[in-house]
Amino acid sequence: MSSRAWNKRPGWSRAPVAPALVALVAALAELAACGSPRTRPQPAAPPPPPPARATPASPPPPAAPTQARPAGAATGGTASVPGGAPGAGAAPTVPVHPEVPPAARNDFDRAVNSVRAGNKLEAELGFKQVALQYPQFAAPLVNLAILERKDGRLDVAEEILKSAVAREAGSAVAWTELGATQRLRGEFKDAVSSYEQAIAADPRYAPAWRNLGVLADLYLGDPRRALTAFEQYRQLTGEDKPVSGWIAELRQRLGLGPAKRPGAEARGEGKPASSPPPPASPGTPPAGNPGATPRGAPEPTPQGPGDPQTEPSPANATGPPTESNAPRAGG
Amino acid sequence: MEDFLRVARVAPESKARVNAQYDAATGLLTLKQWDRAIGVLEDFRRQFPQHQLQPEVTRKLAVAYTEANRPGEAAAEFERIAANPAENHAVQREALMQSADLYAKAGNSARAMSMLEKFVGTNTTPVGDAEEARQRLADYAAQRGDATGRDRWYQEIIRVDGEAGSQRTERTHYLAAKAQLALAQPARDAFRAVRLTAPLKKSLVVKRDALERAMDGYKRAAGYQVAEVTTAANYEMAELYGTLAKDIMASERPAKLKGDALEEYNSLLEEQVFPFEEEAIKAHELNAARAKDGVYDEWVRKSFEALARLKPARYGKTELTQDVVTSLE
């Protein structure tokens with residue numbers, strides 16, 4: 001159905017309409033009476049919610065806001081997420097990514113190319129091999145999980161992604177993909193937890209904020225949290241459409257005034273990193289300009305099959321290495 | 001055992017032969033030599049048709065055929081047990097169900113249905129078991145493309161559940177809700193099939209009646225307050241409204257309307273379908289609101305998909321996921 005604005009247009013009059021239409025209107029009105037309170041069957045109110053569904057054990061509670069990594073803070077090769085990821089120490093740390101042997105990179109790249117060439121079987125074998133040979137990395141498992149998810153095997157994808165975050169708890173990408181998979185399965189509370197872990201691992205990983213916003217708004221009925229998340233996403237990416245529209249819609253629904261349009265500076269458009277981002281945690285308003293090159297601020301691509309609520313982002317959504325995701329020496 | 005069998009061979013006319021053959025069969029069953037036992041028991045049946053041990057032979061054959069993975073023949077033996085008036089009711093009842101299962105396993109759905117029909121005819125209680133049997137009968141009818149038979153069983157399921165009183169269980173309630181949902185489908189299809197032709201006033205009356213029948217069916221189904229049935233019914237009701245709106249907009253235009261008059265007619269139609277679109281959105285939103293209570297079934301998902309199309313500013317928000325991660329670190 002196209003625009004409905006026509007009936008508000010000035011000068012509209014039914015006078016020229018053939019008299020036959022009067023009868024039509026009466027007939028339509030009669031039809032509409034099917035929906036009158038007396039006769040129209042109303043959609044049933046939802047029955048009381050069923051007992052809480054047992055869900056797998058939640059991941060550890062979200063970490064405290066990630067501390068900006070002190071300059072020169074050398075760490076070992078194992079990843080950690082402050083406050084709860086397996087093997088995390090007591091002191092706040094930033095995610096650390098394992099060193100990449102050149103052979104591992106080559107094997108991984110070959111498997112990625114197989115995906116791009118549409119050779120799924122070869123890609124699967126390649127990722128499995130890299131996952132076995134280099135158990136310190138989450139990415140091969142994440143890609144295996146994505147292949148499973150594309151085939152509709154969400155349960156298998158979720159299990160693989162849980163293994164991925166167990167390997168590399170500092171991988172915001174892995175946590176975010178886990179959250180998205182859990183959302184597809186209707187495991188909304190687990191999805192929140194995974195997005196929170198992603199944000200704790202890397203507050204500048206924008207898709208985690210966006211996905212948290214979608215989850216909070218559509219599936220958890222928490223528009224305030226959604227607004228905060230989308231604002232954070234916009235601040236990180238500088239993206240206007242479609243997220244500005246979503247923010248405007250949420251503000252209107254919440255009875256808030258129109259948002260002040262963030263300036264280019266506030267959005268960090270094209271600005272190089274001048275300082276690490278301030279601490280950010282999901283559910284709290286952004287604390288100002290992150291001031292760093294945003295990671296993973298891809299333009300949405302056409303919707304993937306199977307679930308119109310999910311858009312695959314461009315292939316290299318991890319973006320260029322930044323202070324927090326650059327390979328670390330040592331280990 | 002071989003001694004028993006030898007008796008049967010060397011002294012076929014002796015009185016001892018009867019007991020020897022029966023004991024041999026029993027021994028072969030104990031040794032799990034099913035095919036040999038079946039041979040001896042079938043021979044016993046032929047040789048001594050009036051013998052008092054025949055009911056026992058039938059029981060043993062039922063076991064032997066089942067164990068030998070010969071479900072069709074086993075089903076026939078259980079059918080004999082069920083038909084024996086000397087057997088007590090509990091045994092007959094169990095044998096009927098076993099027979100139905102085994103005929104089903106053997107791919108003989110006609111005989112399976114016959115056994116199930118006997119079961120529901122002679123075992124009206126417990127209500128739960130009888131309702132399960134009716135459900136199976138409805139499924140068989142559906143598989144055979146017998147819509148009338150299927151709907152007759154659905155009606156029975158609903159009637160019995162409604163009259164079950166204290167014997168009503170969550171399961172019978174669920175089966176009745178699903179049956180009611182299934183019964184609404186033909187009315188929905190009939191509604192969809194009504195074409196809106198000129199003169200619209202006349203065809204709208206037919207469409208309206210079809211709408212009311214379909215809505216009534218889904219409203220009844222939702223009234224059972226069974227989560228997955230309610231979400232399905234809500235989705236279908238939303239789609240009925242949406243279909244009505246689409247069909248009105250696509251309706252045949254009066255041939256005499258041209259130019260401005262036709263344009264205004266189209267505008268008028270657009271105005272008239274607006275409330276139906278709103279009703280569709282409301283019904284889908286009822287489903288979508290259930291997500292936060294943990295209900296996220298096929299119908300809730302489909303309602304979200306519909307809302308993303310109908311109200312994109314509110315529901316068209318999309319997540320970002322990776323197509324492939326290209327960086328190992």
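The buried residues of helix α4(A) are Ala139(A), Pro140(A), Leu141(A), Val142(A), Asn143(A), Leu144(A), Ala145(A), Ile146(A), Leu147(A), Glu148(A) and Arg149(A). That makes the helix mostly covered, with 11 of its 12 residues buried. Keep in mind that this is a predicted model. Below we start with this helix, then go through some salt bridges, a pair of helices in chain B and a few single residues.

**Helix α4 of chain A and its surroundings**

- So what does the covering? The cover over the buried residues of α4(A) includes α2, α3, α5 (154–167) and α6 (172–184) of chain A, together with β1 of chain B.
- How far does α4(A) reach from its first C-alpha to its last? The 12 residues of α4(A) span 16 Å, close to the 16 Å expected at 1.5 Å a residue.
- Lys150(A), which also sits in helix α4 (residues 139–150) of chain A, is partly exposed because its relative accessible area is 44%, and partly exposed means a value between 20% and 50%.
- Just past the end of α4(A) comes Gly152(A), which takes a positive phi of about 85°.
- Phe137(A) is found in the loop between α3 (120–133) and α4 of chain A.
- Is Phe137(A) buried or exposed? Phe137(A) counts as buried because its relative accessible area is 0%.
- Phe137(A) and Glu99(A) are 38 residues apart along the chain, and their C-alpha atoms are separated by 9.3 Å.

**Salt bridges**

- Side chains of opposite charge can pair when their charged atoms come close.
- How many salt bridges turn up over all chains? A search of the whole structure gives 47.
- One of them joins the side chains of Arg110(A) and Asp107(A), at 2.6 Å from N to O.
- Both of these residues, Arg110(A) and Asp107(A), belong to helix α2 (residues 102–116) of chain A, and they are three residues apart, about one turn of the helix.
- The two partners sit in unlike settings: Arg110(A) counts as exposed at 52% relative accessibility, whereas Asp107(A) is buried at 17%.
- Another salt bridge links the side chains of Asp323(B) and Lys150(A), with 2.9 Å from N to O.
- This pair crosses between chains, going from Asp323(B) in the segment after β1 (319–322) of chain B to Lys150(A) in helix α4 of chain A.
- Asp323(B) counts as partly exposed, at 31% relative accessibility.
- Over in chain B, the side chains of Asp209(B) and Arg208(B) form a salt bridge at 3.5 Å, N to O.
- Asp209(B) is partly exposed, with a relative accessible area of 28%, while Arg208(B) is buried at 17%.
- Salt bridges can also share partners, and in this way Lys120(A), Glu124(A), Glu148(A), Asp151(A) and Arg153(A) are joined into one network.

**Two helices side by side in chain B**

- Two packed helices are described by the angle between their axes and the distance between the axes.
- For helix α10 (residues 170–193) of chain B and α12(B), the axes come within 10 Å and cross at roughly 10°.
- Why are α10(B) and α12(B) called roughly parallel? Angles under 35 degrees count as roughly parallel, so with a crossing angle of roughly 10° the label fits α10(B) and α12(B).
- On the α10(B) side, the contact is made by Tyr174(B), Ala177(B), Lys178(B), Leu181(B), Arg188(B), Phe191(B) and Arg192(B).
- On the α12(B) side, the residues include Glu228(B), Val229(B), Ala232(B), Leu240(B), Thr243(B) and Asp247(B).
- Sorted by type, the residues of this contact are nine nonpolar, one polar and six charged.
- Thr243(B) lies in helix α12 (residues 227–249) of chain B and counts as buried at 17% relative accessibility.
- Which residues does Thr243(B) touch, leaving aside its neighbours within four places in sequence? Thr243(B) is in contact with Phe191(B) and Arg192(B).

**Leu61 of chain B**

- Leu61(B) is part of helix α4 (residues 54–67) of chain B.
- Leu61(B) is buried, since its relative accessible area is 0%, and buried means under 20%.
- Setting aside neighbours within four places in sequence, Leu61(B) is in contact with Ile38(B), Leu41(B), Glu42(B), Arg45(B) and Glu77(B).
- Leu61(B) and Ala37(B) are 24 residues apart in sequence, and in space they are 8.1 Å apart, C-alpha to C-alpha.

Technical notes: Residues numbered from 1 in each chain as written. Chains lettered and ligands numbered in written order. Predicted model: local features only at pLDDT ≥ 70, side-chain atom pairs only at ≥ 80, totals over all residues. Heavy atoms only, no water. Salt bridge = Lys/Arg side-chain N within 4 Å of Asp/Glu carboxyl O. Helix = DSSP H or I, 4+ residues; strand = E, 2+ residues; numbered from the N terminus. Buried < 20%, exposed > 50% of the residue type's maximum accessible area, 1.4 Å probe, protein only. Contact = heavy atoms within 4.5 Å. Axes fitted to C-alpha atoms, helices over the stretch in contact; angles between N-to-C directions. Parallel < 35°, antiparallel > 145°, perpendicular 65-115°, else oblique. Nonpolar A, V, L, I, M, F, W, Y, C, P; charged D, E, K, R; others polar. Expected span 1.5 Å × (residues − 1).
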